[in-house]
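Here's a set of short exercises to work through with the model open in your viewer. Try each task before you read its solution.

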Amino acid sequence: MTPPFLLVGLLLATCSLIVMASDPSPLQDFCVAALNSTVLVNGFPCKDPKTVTADDFFSERLRNMGNTTNAFGFNVTLLNVNQLPGLNTLGIALARVDYAPWGLNPPHYHPRATEVITVMEGSLLVGFITSNPDNKLFTKRLEKGDVFIFPRTLIHFQQNVGNCYAAVLSSLSSQNPGAVTIGRAIFGSNPDIPDYILAKAFQVDKQVIDELQSHF
């Protein structure tokens, strides 16, 4: 029989891991990030509250449409703690995503955040895929004003399905959500994943992999 004190210890350890798995919570009204500090912590140390101003909580970064003249026809303007120090310890980041007509935000995921998007303009086809073994696709067409959720770490995408420009406001549940684009990560890693490994993984000839890697 397991001693009671050991069970309590295991329970506390589990709770500690759960707490450590998310962004740090504020212990005061705010903790504006001291971006130039040399102290290494999970996040950023706090700026001296006496030097904090309203500008530490303000940004006009999302006012204007981003440049969508690229191969995918989309642009992400990120607003995380690095651009808006007042977000430090608050567990949230924002982004504006702009899409040219039929532009695509290709399959990707956020390792540290759930994402909620609100369509500001246009019509989008969006979707996410569940984890193994089901790999179920949930997809929906969105119009202006609609909201959609992409659960944390699940692969998702958005495509403009109209002939006009589209835009969404994205809210992410981390001050530094991160992003991993699937195609770029697999075929554009540095250094390259050996082509024979990817050929076996995707059950194709190495020449197919070499061609895909050449695009990244």
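**Exercise 1. Trace the open sheet of five strands and find its edges.**

Start with the strand order: the open sheet runs β6-β5-β8-β3-β10, and the pairing is antiparallel. Keep in mind that you're looking at a predicted model.

Next, pick out the edges. Those are β6 (137–142) and β10 (180–181), since each pairs on one side only.

Now zoom in on one pair. Strand β5 (residues 124–129) and strand β8 (residues 156–160) run antiparallel to each other and share five bridges. One of the residues to look for is Phe-128, whose bridge partner in β8 is His-156.

Last, put the sheet into the whole chain. The protein has four helices and ten strands, and along the sequence they come in the pattern α-β-β-β-β-β-β-β-β-β-β-α-α-α.

**Exercise 2. Take the UniProt "binding site" at His-108, His-110, Glu-115 and His-156, and work out why these residues count as one spot.**

First, the source: the four positions come from an unreviewed UniProt entry, under "binding site".

Second, compare sequence with space. The set spans 49 residues in sequence, yet no two of the C-alpha atoms are more than 11.7 Å apart, so the residues gather at one spot.

Third, check for a pocket. His-108, His-110 and Glu-115 from this set are part of the lining of the largest pocket.

**Exercise 3. Compare the surroundings of His-108 and His-110.**

Begin with the secondary structure. His-108 sits in strand β3 (residues 104–109), while His-110 falls in the loop between β3 and β4 (115–121).

Then ask: buried or exposed? With the cut-off for buried at under 20% relative accessible area, His-108 at 5% is buried, and so is His-110 at 9%.

Now the contacts, skipping residues up to four places away in sequence. For His-108 the list includes Glu-115, Leu-154, Ile-155, His-156 and Val-180. For His-110 the list includes Glu-115, Arg-152, Thr-153, His-156 and Leu-172. Notice that Glu-115 and His-156 turn up for His-108 and again for His-110.

Finish with the polar atoms. A polar atom of the His-108 side chain lies 2.7 Å from the backbone oxygen of Pro-106. The side chain of His-110 instead makes a polar contact of 3.0 Å with the side chain of Glu-115.

**Exercise 4. Now take the "binding site" feature that lists Asn-105, and describe where that residue sits.**

Step one is the annotation. The unreviewed UniProt entry also gives a "binding site" at Asn-105, His-110 and Glu-115, and the lining of the largest pocket includes Asn-105, His-110 and Glu-115.

Step two is the position: Asn-105 lies in strand β3 and is buried, at a relative accessible area of 7%.

Step three is the neighbourhood. Leaving out residues up to four places away in sequence, Asn-105 touches Phe-74, Val-97, Tyr-99, Phe-157 and Gln-158.

**Exercise 5. Which residues of the largest nonpolar core touch the most other members, and which elements give two or more residues to the core?**

Go for the hubs first. The core has 14 residues, and those that touch the most other members are Tyr-99, Ile-117, Leu-124, Val-126, Phe-148 and Val-168.

Then sort by element. Two or more residues each come from β2 (93–99), β4, β5, β7 (147–150) and β9 (166–172). Strand β5 gives the largest share, three residues.

Take one hub as a test case. Beyond residues up to four places away in sequence, Phe-148 touches Glu-115, Val-116, Ile-117, Val-126, Phe-128, Phe-138, Lys-140 and Leu-142. Glu-115, in that list, is also one of the UniProt "binding site" residues from Exercise 2.

Don't stop there, though: a second, separate core has six residues, among them Ala-33, Val-81, Leu-84 and Leu-87.

To round off, look at the whole protein. Buried residues account for 31% of its 216 residues. Of the contacts between residues at least 6 apart in sequence, 68% link residues at least 24 apart.

Conventions: Residues are numbered from 1 along each chain as its sequence is written. This is a predicted model: local features need pLDDT of at least 70, side-chain atom pairs count only at pLDDT 80 or more; totals for chains, interfaces and linings use all residues. Side-chain values use heavy atoms; hydrogens and water are left out. UniProt positions are given in the numbering used here, feature names are shortened, and annotations may be inferred rather than shown by experiment. On a 1 Å grid over the protein atoms alone, a cavity is a set of points where a 1.4 Å probe fits but cannot get out, and a pocket is an open set with protein on both sides within 12 Å along at least five of seven lines; lining residues have an atom within 4 Å of a point. Buried means under 20% relative accessible area, exposed over 50%, partly exposed in between (1.4 Å probe, protein chains only). Contact means heavy atoms within 4.5 Å. A polar contact is a pair of N or O atoms within 3.5 Å; within protein, one must be able to donate a hydrogen and the other to accept it, and residues adjacent in sequence count only if both atoms are side-chain atoms. Two strands pair if DSSP finds at least two bridges between them. A nonpolar core is a set of buried Ala, Val, Leu, Ile, Met, Phe, Trp, Tyr and Cys residues joined through side-chain atoms within 4.5 Å.
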